[in-house]
Structure formats: C-alpha cells, structure tokens
Amino acid sequence: MSHRAALAVLATMALVARPALAQWDVGRILELGKKAAEIGRQAGEANREYSAEEEISLGEGIAAGFLGAVRLHPDERLQRYVNRVGRWLASQTERSELPWTFGVIDNDAINAFAMPGGTVLVSHGLVRRLGNESELAGVLAHEIAHVLQRHQLAAIQSAAGWGAAANVTRIVAEEQISRRGGVAVDVKASLASAGVDLVRDGLFLRPLDRRMEHEADLLGVIISARAGYDPNGLVAVLSMLAQLKPEDAGASLTLSTHPSASERLAELEKTVSAALERYGAQPRLDARFRGAASDTR
Amino acid sequence: MTPQRVILGLVVLLAAARVAAQEATTNRPTELRERPAAQSSPLATLPARTPVKLLGREGGWSQVDAREQRGWLPTFHLRFAAVLETSSPSSALSVTSMLGMGSRQSPETSKVATLGVRGLTRDQFQSASPDTAALRQLQSYRVPLAEAEAFAQEGGLMAVPVPVPGRGKS
C-alpha cells in the first residue's frame with residue numbers, strides 16, 4: 001500500500017471509527033504522513049507566502065468543487081443581503097481589497113465555510129436559525145477572519161503529505177521557479193484544478209487547529225464591533241449551537257470540525273469580554289434580518 | 001403495542017429530549033435581571049449550579065426560568081448541558097441516534113461523532129465535479145463597496161476603530 005493510500009485509510013479510521021477523538025487525531029496523522037512522504041526537498045519553496053492572485057485562484061477552484069457538491073440557495077434577494085453584510089464587515093479589515101464573495105447554500109445542515117481569497121458560504125440551515133443581523137455578522141466575521149489569517153492555506157501547507165495538498169504546494173513552488181526562468185505556465189488553471197481536488201479529498205471534513213478557531217472567534221468579535229454591530233452576535237450564535245438538540249443532526253459537520261461551543265464561549269470570555277461589554281449596545285438589526293430571511297424560513 | 005401507542009411513545013421520547021436540551025446551569029453565582037442589561041434591576045441572586053430553563057437569547061444575554069422566576073443572565077454565566085452525542089461509533093449514522101433515542105445524554109460529552117447525517121457527506125464531496133456555472137452565479141452576487149457602505153448607513157451602523165487585544169490593527 002502506498003503512503004497515500006495508507007494515510008487515507010488511517011484518516012478514514014480516525015474520522016469514522018473513533019469519532020470522539022477525530023478532530024485531533026487527523027492532525028497527528030497528517031503530521032506523520034508529512035515525515036513519511038519526505039517532501040522536505042521543496043520545503044523552502046513550499047513554505048513561502050502565496051501571492052494574493054494564487055490564493056484567489058486556489059479559492060475559486062475550491063469554491064467550484066464545493067458547488068459541484070452543494071447547490072446555491074435560489075433566493076437571490078437573500079444572497080444579495082448576505083453579500084451586503086459580508087462586504088461591509090470585510091471593509092473593516094486590512095484585506096478589504098480582496099474580491100469578497102458571500103453565498104448561501106441550499107442545505108439544512110448548520111455550517112459555514114471560508115475559502116482562500118475571500119469566498120464565504122453559509123448554509124441555509126444556519127441562516128434560518130439566526131435571530132438577527134448581528135448574529136449573521138458574527139458568523140460571517142468568524143469566516144472572514146479565517147481568510148484574513150490564511151488559516152486554510154496554513155492547513156494545506158502543514159498537511160503537505162496529504163496528496164491533494166502536496167499538489168498545491170508543488171504548483172506554487174513550480175510557479176516561483178518558472179517565474180525566475182521566465183517560462184509562462186498557467187498557474188491559475190493548475191491551482192484552480194488543485195482546489196477541486198482538495199474538496200474531493202475532504203478539505204472541508206478536516207478540522208482546523210483549535211487555536212485557529214479561537215482566533216477566528218476573537219477576530220470575529222473585533223470585526224463585528226468595528227462594523228458597528230453588537231459583537232455579542234457571535235456569543236448568541238455559540239449559545240444556540242451549545243443548545244442544539246439531537247434532532248438537529250444537521251449540526252454534526254460543524255460540531256465535528258470545531259471545538260465545542262461551550263469551550264469557544266469560555267475562550268471568548270477570557271479574551272474579549274471587555275470589547276463585548278463596551279460595544280454591546282451597538283445595533284442588532286432584528287427587523288432588517290427578518291425582512292431579508294423570513295421568506296425563506 | 002398499537003401503532004398509536006408507538007407514535008405516542010416516540011412523541012414522549014422526543015419531548016423529553018427537547019426538555020433536556022433546554023437545560024443549563026449557572027457556572028458561578030449571578031444576578032437574575034429583569035431585562036437583558038447590566039443596569040437592569042436584579043430579581044434574585046442565583047448561586048452557582050442553579051438549574052435553569054433556557055427560553056431565548058438577546059446579544060450576550062440569555063432569558064431563563066430559574067427558581068420559578070423569569071429573567072435574564074449573561075450567557076457567559078451559564079454552563080450548557082451538551083445534548084449532542086451518539087451512543088457508539090457504529091450507530092453514528094443510524095436513525096436511532098439521529099433522533100436521540102437509545103443514546104445517553106451526559107453533560108460531560110460535547111463532541112458529536114457523525115459526519116453529515118443529513119447535511120454534507122464525505123461521498124457528496126468525493127464525487128463532486130467542479131461547477132463553474134454555479135461559481136459564476138455566486139460571483140454575480142458580489143456587491144461593490146459603495147453599496148455595502150450605503151446599506152450600513154441605512155441600518156445605522158457606524159464604523160468604530162476597535163483594536164485587537166494584544167495587537168495593533170489586525
């Protein structure tokens with residue numbers, strides 16, 4: 001069995017057979033795979049920063065692959081509304097110039113996804129369980145923070161032993177070599193296609209490091225507050241997640257790829273309670289949210 | 001057992017799960033307040049580990065019934081009973097565990113084991129072929145910054161400089 005196949009089996013076992021530990025085992029397995037695959041040769045090239053253009057191309061491939069699996073929600077008014085909220089939030093960050101793109105997917109699970117380069121998708125199942133615009137802002141700001149901090153890229157780089165991720169790393173390395181030699185290669189197309197492979201290989205089933213989730217929560221609070229919302233919207237969403245009932249099985253993917261909502265609440269209290277209190281009287285916009293999301297409930 | 005009885009049994013079980021799902025306890029001594037605001041008058045002081053029934057949420061506040069009184073507490077002062085768990089890995093995808101029956105409910109277990117019971121599944125991703133038409137559709141929903149700014153203004157949202165704790169601007 002090849003290293004890759006062995007890793008795939010191990011990863012599947014970790015995710016399916018030992019569910020309670022799944023979130024943390026995969027990282028360790030990927031770490032082992034990284035050593036086994038002996039990819040150190042290109043490490044110098046691989047670990048350099050992606051250009052914004054590369055990040056965007058990769059993200060488009062990931063988004064196209066993702067949308068091959070899940071449809072967009074048909075309510076265009078809702079799509080436009082989510083883009084207005086998201087674009088406003090993103091404008092309060094140091095990466096305002098990215099081609100920020102927000103979308104609602106037609107799925108009743110409770111989830112949200114960030115892709116490199118500024119694409120953020122939320123499930124309709126999540127939107128319909130939210131109470132007001134500040135809660136939506138909290139969710140979008142958390143995902144925006146993943147993009148700002150390039151968390152997904154870091155995860156791809158650190159998982160270089162995983163086939164699809166190694167491919168992305170190789171393309172980026174080759175691009176830098178070809179740029180020096182002046183040979184034009186279609187990096188955008190290669191990266192987009194590598195992005196599709198990442199989705200097939202389970203990019204969205206892999207957890208990010210829990211420190212990344214906590215950082216995205218903290219920055220999510222700050223971004224919401226900067227945009228003029230009550231930043232406690234994220235606290236409210238986390239308390240909703242903490243109360244999910246067994247019949248809300250659609251939550252499973254979210255919860256299996258994140259630290260528990262209770263743990264995230266405790267961390268927020270520790271790190272940003274001052275900002276939460278200070279900006280807690282900013283608007284929550286219940287009526288505007290109901291107007292935009294009500295038809296689709 | 002008649003079909004009606006089976007259905008009634010299911011309803012009772014589901015109702016029980018629902019009630020259990022709303023339970024939380026205070027994680028420290030805290031004031032139960034009339035409204036969701038720190039300045040609001042206290043109705044009672046609740047000791048740590050007071051069981052409460054959760055009724056609603058408003059920003060960082062949770063509305064609860066506690067000791068036969070209704071009021072508001074800071075959400076951070078609550079410990080939520082985790083209700084999502086599956087009884088065993090092998091039953092992770094079974095209907096039984098989906099409905100929360102046959103699975104113990106313990107506040108100590110907070111991880112859910114299943115991957116996409118009725119959401120996104122591994123297979124769905126594995127067999128996906130890229131949909132560039134849908135990507136273009138998605139990108140057509142982008143809004144220019146000026147439109148987002150006007151939208152913010154309509155809602156009374158004002159940009160404020162907020163530093164990231166422990167850093168400068170993020």
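Chain B of this predicted model exposes about 9600 Å² of accessible surface, and carbon and sulfur atoms supply 56% of that area. Of the 170 residues in chain B, 38% count as buried. Its secondary structure comes to five helices and seven strands, and, read from the N terminus, the elements follow the order α-β-β-β-β-β-β-β-α-α-α-α. When the contacts in chain B with a separation of 6 or more are considered, residues 24 or more positions apart account for 48% of them.

Chain A can be described in the corresponding terms. The accessible surface of chain A comes to about 10500 Å², of which 53% belongs to carbon and sulfur atoms, and buried residues make up 65% of its 297 residues. The secondary structure here consists of 15 helices and three strands. Among the contacts in chain A with a separation of 6 or more, 75% are between residues 24 or more positions apart.

Within chain A, a useful place to begin is helix H5, which spans residues 76–90, together with helix H7, which spans residues 133–148; the axes of these two helices come within 10 Å and cross at roughly 60°. Because angles from 65 to 115 degrees count as roughly perpendicular and those under 35 degrees as roughly parallel, the two helices of chain A are described as oblique to each other. The crossing of H5(A) and H7(A) is right-handed. On the side of H5(A), the contact is made by A:Tyr81, A:Val82, A:Val85, A:Gly86, A:Leu89 and A:Ala90, while H7(A) contributes A:Glu133, A:Leu136, A:Ala137, A:Leu140, A:Ala141 and A:Ile144. By class, the residues of this contact divide into ten nonpolar, one polar and one charged.

Helix H5 of chain A also leads across to the other chain, where its partner is helix H5 of chain B, made of residues 145–154; the axes of the two helices come within 8 Å and cross at roughly 90°. That angle makes H5(A) roughly perpendicular to H5(B). From H5(A), the residues in this contact are A:Arg80, A:Tyr81, A:Arg84, A:Val85, A:Arg87 and A:Trp88, and from H5(B) they are B:Leu145, B:Glu147, B:Ala148, B:Glu149, B:Phe151 and B:Ala152. Sorted by class, the contact of H5(A) with H5(B) has seven nonpolar and five charged residues, and no polar ones. A:Tyr81 and A:Val85 are listed in the contact of H5(A) with H7(A), and both are listed again in the contact with H5(B).

One residue of this contact between the chains can be followed individually. B:Glu147 lies in helix H5 of chain B and, with a relative accessible area of 26%, is partly exposed. Once its neighbours within four places in sequence are left aside, B:Glu147 is in contact with A:Arg80 and A:Arg84.

A further position to inspect is in chain A, where A:Gly280 is found in the loop between helix H14 (261–278) and helix H15 (286–293). Although it is a loop residue, A:Gly280 has a relative accessible area of 17% and is therefore buried, the cut-off for that class being under 20%. Apart from its neighbours within four places in sequence, A:Gly280 is in contact with A:Asp230, A:Pro231 and A:Asn232. Of these, A:Asn232 is 48 residues away along the chain, and its C-alpha atom is separated from that of A:Gly280 by 6.4 Å.

Key:
Residues are numbered from 1 along each chain as its sequence is written. Chains are lettered from A and ligands numbered from 1 in the order in which they are written. This is a predicted model: local features need pLDDT of at least 70, side-chain atom pairs count only at pLDDT 80 or more; totals for chains, interfaces and linings use all residues. Side-chain values use heavy atoms; hydrogens and water are left out. Helices (H or I, at least four residues) and strands (E, at least two) are DSSP runs, numbered from the N terminus. Buried means under 20% relative accessible area, exposed over 50%, partly exposed in between (1.4 Å probe, protein chains only). Contact means heavy atoms within 4.5 Å. Accessible areas come from the Shrake-Rupley method with a 1.4 Å probe; for residues, only the protein chains shown count as cover. Axes are lines fitted to C-alpha atoms, for helices over the stretch in contact, and angles run from 0 to 180 degrees between N-to-C directions. Angles under 35 degrees count as roughly parallel, over 145 as roughly antiparallel, 65 to 115 as roughly perpendicular and the rest as oblique. A crossing is left-handed if the near helix is turned anticlockwise from the far one by less than a right angle, and right-handed if clockwise. Ala, Val, Leu, Ile, Met, Phe, Trp, Tyr, Cys and Pro count as nonpolar, Asp, Glu, Lys and Arg as charged, and the others, Gly among them, as polar.
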